[in-house]
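Could you walk me through this model, stop by stop, while I have it open in my viewer? Please tell me what to select next and what I will find there.

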Amino acid sequence: MVPTAPDGRAGIDAGLVKRLIAAQFPEWSGLPVVPVERDGWDNRTYRLGDEMTVRLPTAAGYAPAVDKECEWLPRLAPALPVAVPTVLARGAPGEGYPHPWSVRRWLPGETATPRRIGDLTRFAADVAGFVLALQRCDPTGGPLAGAHSWYRGASPAHYDEETRRCIAALDGRVDTARATEVWQAALDAGRRGAPVWFHGDIAAGNLLVTGGRLSAVIDFGTSGVGDPACDLVIAWTMFRDDSREVFRRAVGQDDGTWAQARGWALWKALLTLTECAGPRDERAAGSLSVIDAVLDDHRRFG
């Protein structure tokens, strides 16, 4: 998620959305269009009246998610324990905007933060329940992990060069020897089971809570069928101590999957840390915390 910024990021603003709606869905043209309070990076999202949202990819690499979500969310939703987005309409390129886009039903709830969660250990179990329910969905014909999922669901080896470059750049700031060991273990681990559905970005910004409980999971843009290790990264990015252990036990998974999950978490934290402007960058502390937790987890379980 990115904080509220002046409207117009990626060339998308409320005026464009109003023109697209008026041209393609005139029955909704009288409804107000307002940017959401906190936006994602891959897409820009706007409230359309009180009951709908408009979601527009910010670049060509994110556009394949539109058709994927339109096709697969209605099939997955009945088998999942909490709400997921309902796509009401698919928009076409127009008004100078080059990508497909969609209109969805508004999902109530607030973005998951510690102060909004009544019991973090119960929340961890609920997230694990969602991950397992998604894995049980029929994968037949589902989109195999690849470019559309930014290689979530595939081997983390796709990011090998980038990760090793980050490790080298962070020499002196992180334990590079242990980081290399964790990364190599992720590359060496292999999935033994059949491909399953994965979400690809199980993170606080994509989890909604109502009354302190998990009530919805959003943003299936990186979803697909493959290895579910990427869906375990939240063990280190959001959960701590008791809640991490509850999540680990509840979600299960074999040792190889957990080794790959540590690799996914390490890759993203290292990359974020190298992009930080300096030690005072607010992302730096969070990335270092994740790296330390992953290295410790490898020591305990790897």
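Start by selecting Asp67, which is partly exposed, with a relative accessible area of 40%. Keep in mind as you look around that this is a predicted model. Now add Arg90 to the selection: Asp67 and Arg90 form a salt bridge, and their closest N and O atoms are 2.5 Å apart. Asp67 belongs to helix α2 and Arg90 to strand β4, so the pair ties together parts that are 23 residues apart in sequence. Arg90 is partly exposed as well, because its relative accessibility is 41%.

Stay with helix α2 and pick Glu69 together with Arg55. Their side chains meet in a salt bridge, 3.7 Å from N to O. This pair also links distant parts of the chain, with Arg55 in strand β3, Glu69 in helix α2, and their positions 14 residues apart. Are these two buried or exposed? Both Arg55 and Glu69 are buried.

**The five-stranded sheet**

Next, colour the strands around this helix. Five of them form an open sheet, and reading across it the order is β1-β2-β3-β5-β4, with antiparallel pairing. Which strands stand at the edges? They are β1 (33–35) and β4 (87–91); each has a single partner strand, so one side of each is left without a neighbour in the sheet. If you rotate the view, note that neighbouring strands of this sheet are turned by 25 degrees against each other on average, direction ignored.

Zoom in on β4 and β5, which pair in the antiparallel sense over four bridges. Select Ala89 here and you will find Val103 of β5 standing opposite. Helix α2 (residues 64–76) packs on this sheet, where it touches β3 (52–57), β4 and β5. The direction of helix α2 makes about 150 degrees with that of β4.

**Across the loop to a second sheet**

Follow the chain out of β5 and select Pro108, in the loop between β5 (101–105) and β6 (110–111). Pro108 counts as exposed because its relative accessibility is 54%. What does Pro108 touch, once residues up to four places away in sequence are not counted? The answer is Leu208, Thr210 and Ser215. Measure from Pro108 to Thr210 in your viewer: the two are 102 residues apart in sequence, yet 7.7 Å apart in space, C-alpha to C-alpha.

Now show β6, β8 and β9. These make an open sheet of three strands in the order β6-β8-β9, with antiparallel pairing. Its edge strands are β6 and β9 (213–217), each of which pairs on one side only. Between β6 and strand β8 (residues 207–210), which run antiparallel, there are two bridges. Click on Glu110 to find its bridge partner in β8, Val209. Helix α3 packs on this sheet and touches β8 and β9, with its direction at about 30 degrees to that of β9.

**A buried serine**

Move on to Ser149, in the loop between α3 (120–136) and α4 (160–169). With a relative accessibility of 0%, Ser149 counts as buried. Display its side chain: a polar atom there lies 2.8 Å from the backbone oxygen of Arg152. Leaving aside neighbours within four places in sequence, Ser149 is in contact with Lys68, Phe198, Thr222 and Ser223.

**A pair of helices**

Select α4 and helix α5 (residues 176–188). Their axes come within 10 Å and cross at roughly 170 degrees. The two helices are therefore roughly antiparallel to each other. To see where they meet, show Asp160, Thr163, Arg164 and Ile167 in α4, and Thr176, Ala179, Thr180, Trp183, Gln184 and Leu187 in α5.

**Last stop: a charged network**

How many salt bridges does the model hold? The count comes to 15. For one of them, select Arg248 and Glu245, whose side chains meet at 3.7 Å, N to O. Both lie in helix α7 (residues 241–251), three residues apart, which is about one turn of the helix. Arg248 and Glu245 are both buried. Finish by adding Arg262, Asp297 and Arg300, which are linked with Glu245 and Arg248 in a network of salt bridges.

Definitions and conventions: Residues are numbered from 1 along each chain as its sequence is written. This is a predicted model: local features need pLDDT of at least 70, side-chain atom pairs count only at pLDDT 80 or more; totals for chains, interfaces and linings use all residues. Side-chain values use heavy atoms; hydrogens and water are left out. Buried means under 20% relative accessible area, exposed over 50%, partly exposed in between (1.4 Å probe, protein chains only). Contact means heavy atoms within 4.5 Å. Two strands pair if DSSP finds at least two bridges between them. Axes are lines fitted to C-alpha atoms, for helices over the stretch in contact, and angles run from 0 to 180 degrees between N-to-C directions. A polar contact is a pair of N or O atoms within 3.5 Å; within protein, one must be able to donate a hydrogen and the other to accept it, and residues adjacent in sequence count only if both atoms are side-chain atoms. A salt bridge is a side-chain nitrogen of Lys or Arg within 4 Å of a carboxyl oxygen of Asp or Glu. Angles under 35 degrees count as roughly parallel, over 145 as roughly antiparallel, 65 to 115 as roughly perpendicular and the rest as oblique.
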